Amino acid sequence: MKWQGMKRILLWFLLFEGLLLPCWSQEKPTVYAFLPSNLRPHALQSLMNREAPEVDIVFFGRFREFEVQVLQNKPDAVLTYPMVVEYLSQSENLSYKPLVTGIRAEKRVEPLMLMSVDRQIEVTSIDQTAIGVVSLMGRRQMGHFLADKFKVGKISIKTVTKLEDLLSLLQFEDVDAILVPESRLDYYKQRSKLNLVITPLPDVSYRLPILYVGPEAKEEDQKALREAFGKMEKGVINLLGVDQWQTP
Amino acid sequence: MKCLSFMHRTTVVLLRMVSGVGLLVGTWLQANTDILVLTPEIPHFQLVVKGLVNELGEDCRIEVVSFDQYSAIERMGWMIEVYDPKLIVLLGNHTLKSYKKLLKIGPASMQLRPVIGLMAVFVDREMRTIRHGAGIHYEIQGLTILTNLRSMTQLPVRRVGVLYRRNLRPFFEDQQSQVRREKIELVGFEIPTKEKIAPKDLRRGLRHLTETEAVDTLWVLNDSELLTPRLIRKAWRPVLKRFQGPVVVGVDQLLRDSVALGHFAVVPDHLELGVQAADLVWEVRRQQWQIPENRFRAPISVEKILNYRNVGYSLLLRNGAELEVDYIVGENF
């Protein structure tokens with residue numbers, strides 16, 4: 001009788017150790033996301049975690065917070081713009097590789113445009129123009145990045161964190177123009193009754209967001225991430241500024 | 001005796017070393033401080049400083065020193081002398097007032113140092129006498145408040161009623177001309193400045209705006225004289241009960257269920273205010289530490305708070321508007 005009882009306990013123990021414990025201790029892959037938008041990070045985060053419950057996504061609204069947390073916690077994956085990862089790779093020696101790429105209108109890049117009030121901007125004198133931009137990296141790095149894009153030595157920029165703040169810069173005449181992706185033009189036109197004028201920039205574009213995985217990401221985590229991003233609803237994907245996710 | 005003399009000598013040597021190190025540190029600080037920040041240690045103020053330091057820390061040498069209503073002006077003078085910064089950032093009305101007093105008693109050369117004022121009520125008025133002063137208003141401008149409200153609701157935001165006291169007329173007129181650019185009309189009602197405002201004066205003003213002028217929206221200014229518990233109870237609430245448009249306020253306390261004065265609040269984003277101040281510092285630095293022509297700026301970034309539980313009608317929020325809000329009163333989403 002005693003032996004029977006011991007056997008039962010042992011059996012339960014083996015069942016717990018062998019089957020249940022691994023399930024409980026299996027952690028979801030963690031994704032740190034930095035994609036400035038008109039939506040608040042906490043709102044995007046709860047939306048995305050409902051959409052992809054098999055991964056744990058944390059959204060950051062500011063580059064500095066994202067940078068510090070990525071360096072401290074080394075998440076399994078990061079979801080952001082290539083220029084951000086390239087900067088982190090150079091300055092902090094991180095090596096992340098693309099897992100899923102964002103596509104919009106069948107392209108991996110999106111044109112950028114200048115939006116101003118009442119008059120177009122003379123692109124030839126861009127170095128004399130004060131431009132408002134959403135900060136995707138630090139102020140200095142953004143300055144270098146844009147000077148490089150516009151092929152000028154120096155550029156005068158004002159950085160903001162939220163998309164809506166770019167419009168305030170225009171409203172208060174703090175800048176001559178704001179730099180916006182083509183897909184966001186309507187967002188500003190709907191918000192404002194100012195006479196907003198577009199200056200196309202044929203050679204200036206940026207690469208759409210990519211989901212990157214760290215060098216130590218396990219194969220099963222990569223699989224879980226690919227699946228979670230693959231089955232996202234179109235409406236939710238659009239909120240992240242892309243039409244679909246594609247495996248490179 | 002021998003022991004005492006040895007101790008005496010050791011103490012003298014130690015003191016000399018300490019004063020030498022002090023001198024060296026003083027000289028090092030003098031040579032190395034770009035920006036001296038004087039601020040009270042209050043959470044909102046600390047957020048502004050955090051934003052400023054995060055943004056400029058890599059490029060400028062910044063010293064942050066606590067200064068509040070209990071600090072002596074001499075302490076401020078001593079700090080400025082020790083650090084000898086290229087630029088001073090002053091946070092709060094009290095700090096600005098103390099600096100102005102210091103300017104009166106200090107050497108004339110002090111007037112030449114650039115100063116940036118933040119977190120002060122009507123910072124432009126407060127800094128009028130500081131020749132090399134610039135700042136960012138603490139008051140969120142009507143243009144920002146009403147553009148944000150209009151993007152949230154499908155209700156019309158075209159004619160907006162504002163109640164103000166006579167001493168705030170210049171502010172009201174400024175706001176009126178600003179919002180015109182966004183095709184919004186501000187309709188004002190001036191409350192005569194008295195020692196104590198009677199609820200009936202306020203009720204008359206509110207009825208004039210909501211019934212005679214038939215405004216579609218009300219913007220409640222942050223004027224503590226018009227927002228006493230008595231006036232809220234006896235004037236604001238009875239009239240607003242019948243008003244069917246959005247009511248926008250500038251402090252979140254007015255949205256709380258216990259006060260329930262407004263539906264939507266637009267308040268400063270303090271961390272971003274620090275980032276904007278960093279932009280201004282950057283501009284001053286780029287111009288060889290000279291204050292730019294456009295001295296006083298509007299705050300750019302705000303937090304949006306919503307409470308539609310107290311509304312007896314639909315605010316007709318646009319699709320997805322809740323996702324753009326920072327907080328919903330009574331909810332933590």
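Contact means heavy atoms within 4.5 Å of each other. The model treated here is predicted: local features need pLDDT of at least 70, side-chain atom pairs count only at pLDDT 80 or more, and totals for chains, interfaces and linings use all residues. Residues are numbered from 1 along each chain as its sequence is written, chains are lettered from A, and side-chain values use heavy atoms, with hydrogens and water left out.

**Exercise 1.** Determine which residues Phe66(A) is in contact with, leaving aside its neighbours within four places in sequence, and describe the largest nonpolar core.

*Solution.*
1. The partners of Phe66(A), with those neighbours left aside, are Tyr32(A), Ala33(A), Phe34(A), Phe60(A), Val78(A), Thr80(A), Val84(A) and Leu88(A).
2. A nonpolar core is a set of buried Ala, Val, Leu, Ile, Met, Phe, Trp, Tyr and Cys residues joined through side-chain atoms within 4.5 Å; buried means under 20% relative accessible area, exposed over 50%, and partly exposed in between (1.4 Å probe, protein chains only).
3. The largest such core has 63 residues, and Phe66(A) and Phe229(A) have the most contacts inside it.
4. Helix H4 (residues 82–92) of chain A supplies the largest share of this core, five residues; helices (H or I, at least four residues) and strands (E, at least two) are DSSP runs, numbered from the N terminus.

**Exercise 2.** Establish how strand S3 (residues 87–91) of chain B is covered and in which sense S3(B) pairs with S1 and S4 of chain B.

*Solution.*
1. Five of the five residues of S3(B) are buried.
2. Leu87(B), Val89(B) and Leu91(B) point one way, whereas Ile88(B) and Leu90(B) point the other way.
3. Two strands pair if DSSP finds at least two bridges between them.
4. S3(B) pairs with strand S1 (residues 35–39) of chain B in the parallel sense over four bridges, and Leu87(B) is the bridge partner of Ile35(B).
5. S3(B) and strand S4 (residues 115–118) of chain B also pair in the parallel sense, over four bridges; here Ile88(B) has Val115(B) as its bridge partner.

**Exercise 3.** Explain what the salt bridge between Asp34(B) and Lys86(B) ties together.

*Solution.*
1. A salt bridge is a side-chain nitrogen of Lys or Arg within 4 Å of a carboxyl oxygen of Asp or Glu.
2. For Asp34(B) and Lys86(B), the N to O distance is 3.0 Å.
3. Asp34(B) lies in the loop between helix H1 (2–32) and S1 of chain B, and Lys86(B) in the loop between helix H3 (73–83) and S3 of chain B, so the pair ties together parts 52 residues apart in sequence.
4. Asp34(B) is buried, at 4% relative accessible area, whereas Lys86(B) is partly exposed, at 35%.
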